[in-house]
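Here are my notes on this one, in the order I'd go through them on screen. Pull up the viewer and follow along.

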Amino acid sequence: MKRYIYSHFLLLAVGYWLMASCGGHPSVPSAFSVSSVLPAIFPDYCDVTVPCNIAPLNFMLPADEYDECVARLTTPDGQQQTYGHGVKVQIPEEEWHAMLDASKGKSIKVEVWGQKKGEWLSFNPFEIHIAEEPIDEYLSYRLIEPSYVAWTFMEIAQRNISTFEETQIFNNEITMNDREKGQCINCHSYQNYKTDNMLFHVRLSNAGTIIVNDGKVSKVNLKRDYTISSGVYPSWHPTAKLIAFSTNKTRQAFHTSNPNKIEVYDEASDLILYDVETDSVSIVSNDSTLLEIYPTWSPDGKYLYYGKSVPLPEEMEGQDIRTTYAKIQYNLYRRSFDVETHNFGDEELVYDAASDNKSVTLPRISPDGRYLLFAIGQYGCFHSRHHDGDIVCIPLEQYTGTPLNAENSTPIDLSLVNSKDFSDSYPSWSSNGHWMMLASRRDDDNYSRVYFAYFNNGKFAKAFLLPQEDPELHVSLLKSYNRPEFMVEPVKISVEEFSRAF
């Protein structure tokens, strides 16, 4: 009986392999020249470490250099399969996830051949390392064209990272009733990676903040007589129905010769706390002479971290910000928080970036509370448009009450994560703390795209681009992935249900 079952499954396996081979799996070239370099594939997935539940890492050779591409993937147990159509390698999801399962904690070997002018070239093989730790299954982002001052269509979308499924959370066309004014949707945010408590903003036409409270949708106006604006950049408290916001008077300017192209800055900004249950707003910090921005809670909810500007040189005080923007720098602060009384403690300076002529924004604390991520650049609060924007990670144990700076702290090596000459910004942690996500313009300097990097035992592996079913989508989709956020589940409320809140 056992022999019959074994033979039966062996026949099925052979039959499946024959069907797969006849269904489009190419043959490895029989004659080729040997190269001593890695293939110039896009995206660059050579020797990356990826989650055990990631979508297929489809890639391509440059279409202006090659006519065809064939790749052979080999798992640690010796299973092999070949892929290639034109210059693209696109792997069926079911086959890819089977390879991931067979390679967890180990590596998949990848061999690539490229053909140009009728001749094949073999490249050095590389490995794709498969981590045992999964990544959060969902990701959300705003897809936005680089229109800067006008828009007709904008959406917040969510993507299943294990597959290529992308769906809309909301789009601005469905509720926009003033075409001249337009409508902007932005700053989606979630409580503790879940979606039953979430929000996003609507600006201009039908302005307000869409709040989801235990799955129930409503639109609220966060502006009060004593605040400079409604809420802008949000952060949900991890356990309580509380949201910290910055309130901002944000402006943008355009450079004619500066390679950074666009300057986004604040004329004023404060911090507020919004109580979802009581619809009440209280002031956290409102120093009229300085700027407070980008609040974020520690995972235990006991601290609120944020950026705060340092005073301008005396000779620049009172000048137009369009002439002083390059001297505005932010340091990193925090305040303790009592969730029972909603009281905040005194301000603590955690990282003194200005002492090194730098500016720090977008702090993020790892889920275990041990590591501090932030974006850094020479000036300003919008490093997404600054070529010198980089990500920094520091073990929080180094902060003992004395402000950290470039001299007395030892950051973790991110040389495999940061790009050399392009903007890297908006860092965040996955819910298990093993994956860092960032938005980077390293591919073409125009569009922000989502990159991930594995983090384990205090070390970061090489960053890699969010996989797409068609790798060419990365260059054909003329939109930026704005404010990428991890989620452990999808948003379950439909676009139509959101629209009824207006």
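**Notes on the model**

1. Let's start at Asn160, which sits in strand S11 (residues 155–160); helices (H or I, at least four residues) and strands (E, at least two) are DSSP runs, numbered from the N terminus. Before going further: this is a predicted model, where local features need pLDDT of at least 70 and side-chain atom pairs count only at pLDDT 80 or more, while totals for chains, interfaces and linings use all residues. Residues are numbered from 1 along each chain as its sequence is written, and side-chain values use heavy atoms, with hydrogens and water left out.

2. Is Asn160 buried or exposed? Asn160 has a relative accessible area of 6%, so it counts as buried (buried means under 20% relative accessible area, exposed over 50%, partly exposed in between, with a 1.4 Å probe and protein chains only). Leaving aside neighbours within four places in sequence, Asn160 is in contact with Glu137, Tyr138 and Glu165, where contact means heavy atoms within 4.5 Å.

3. With Tyr138 there is also a polar contact, side chain to side chain, at 3.4 Å. The term covers a pair of N or O atoms within 3.5 Å; within protein, one must be able to donate a hydrogen and the other to accept it, and residues adjacent in sequence count only if both atoms are side-chain atoms. A polar atom of the Asn160 side chain also lies 2.9 Å from the backbone nitrogen of Ser162.

4. Now zoom out to the sheet around S11. It is an open sheet of four strands in the order S12-S11-S10-S33, with antiparallel pairing (two strands pair if DSSP finds at least two bridges between them). Strand S12 (166–171) and S33 are the edges; each has a single partner strand, so one side of each has no neighbour in the sheet. From one strand to the next, the twist averages 25°, with axes being lines fitted to C-alpha atoms, for helices over the stretch in contact, and angles running from 0 to 180 degrees between N-to-C directions.

5. Going through the pairings, S11 and S12 share five antiparallel bridges, and Ile156 stands opposite Phe170 in S12. S10 and S11 are joined by six bridges, again antiparallel, and there Ile156 is the partner of Arg142. On to strand S33 (residues 480–487): six bridges join it to S10, with the two running antiparallel, and Arg142 has Asn482 as its bridge partner in S33. Strand S10 (residues 138–144) is mostly covered, with six of its seven residues buried.

6. Next stop, strand S23 (residues 330–338), also mostly covered: seven of its nine residues are buried. Strand S22 (residues 303–309) pairs with S23 in the antiparallel sense over seven bridges, one of them matching Lys308 with Asn331. S23 also pairs with strand S24 (residues 343–351), antiparallel over six bridges, and Asp338 is matched with Asn343 in S24. S23 and S24 form a hairpin with four residues between them, and His342 in the turn has a positive phi of about 65°, worth a look on screen.

7. Which residues does Gly380 touch, not counting those up to four places away in sequence? They are Ile328, Tyr330, Ser359 and Thr361. Gly380 lies in the loop between S26 and S27, and is buried at a relative accessible area of 9%. From Gly380 to Thr82 is 298 residues in sequence and 49 Å in space, C-alpha to C-alpha.

8. The strands flanking that loop belong to another sheet, an open one of three strands ordered S25-S26-S27 with antiparallel pairing. Strand S25 (359–365) and strand S27 (390–395) are its edge strands, each pairing on one side only, and the twist averages 30° from one strand to the next. Strand S26 (residues 371–377) and S27 pair over six antiparallel bridges, including the one between Leu373 and Cys393.

9. Finally, the whole chain. Its secondary structure comes to five helices and 33 strands. The radius of gyration is 25 Å, close to the 23 Å of the globule rule for 502 residues, so the chain is as compact as a globular protein of that length (taken over C-alpha atoms; the rule is 2.2 Å times the number of residues to the power 0.38). Of the 502 residues, 54% count as buried.
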